Amino acid sequence: MGDLENPKIIWFKGILFFFLGSFSACLILIRHPQVTTALLLLVAIWAFCRCYYFAFYVIEKYVDPSFRFAGLLDFVQYALGRERK
């Protein structure tokens, strides 16, 4: 499968991710309507966003500019020191 290049489809995919995340977070808060749950959910979302930023921006720009990751599995292989196929 090739890279996604159509800007309209890329925007659509991003909007779908946003609604999926929002819907899931709302369902969690409806099932467990507590401040603690909301705060932990916010911290988890923030931490995973920072982790993603680290994997795809920090590593490529500051640690190893020669390596490009195609996805999280590539990053895991790189982090474990395995060669890419």
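**Exercise 1. Determine in which hand H2 passes H3, and characterise the packing of the two helices.**

Step 1. H2 passes H3 in a left-handed crossing, a crossing being left-handed if the near helix is turned anticlockwise from the far one by less than a right angle, and right-handed if clockwise. Helices here are DSSP runs (H or I, at least four residues), numbered from the N terminus. The model is a predicted one, in which local features need pLDDT of at least 70 and side-chain atom pairs count only at pLDDT 80 or more, while totals for chains, interfaces and linings use all residues. Residues are numbered from 1 along each chain as its sequence is written, and side-chain values use heavy atoms, with hydrogens and water left out.

Step 2. The axes of H2 and helix H3 (residues 72–79) lie 11 Å apart, and the packing angle is about 55 degrees; axes are lines fitted to C-alpha atoms, for helices over the stretch in contact, and angles run from 0 to 180 degrees between N-to-C directions. That makes H2 oblique to H3, since angles under 35 degrees count as roughly parallel, over 145 as roughly antiparallel, 65 to 115 as roughly perpendicular and the rest as oblique.

Step 3. From H2, the residues Tyr52, Phe54, Ala55, Phe56, Ile59 and Val63 meet Leu72, Phe75 and Tyr78 of H3, where contact means heavy atoms within 4.5 Å. By class, this contact of H2 with H3 has nine nonpolar, no polar and no charged residues, with Ala, Val, Leu, Ile, Met, Phe, Trp, Tyr, Cys and Pro counted as nonpolar, Asp, Glu, Lys and Arg as charged, and the others, Gly among them, as polar.

**Exercise 2. Establish how H1 and H2 are oriented, and which residues meet.**

Step 1. Helix H1 (residues 7–31) and H2 have axes that come within 9 Å and cross at roughly 155 degrees. H1 and H2 are therefore roughly antiparallel to each other.

Step 2. In this pair, H1 passes H2 in a right-handed crossing. Ala25, Ile28 and Leu29 of H1 meet Thr37, Ala38 and Leu41 of H2, and the residues of this contact of H1 with H2 divide into five nonpolar, one polar and no charged.

Step 3. Thr37, at 16% relative accessibility, counts as buried, a label for residues under 20% relative accessible area, with exposed over 50% and partly exposed in between (1.4 Å probe, protein chains only). Neighbours within four places in sequence aside, Thr37 is in contact with Ile28, Leu29 and His32.
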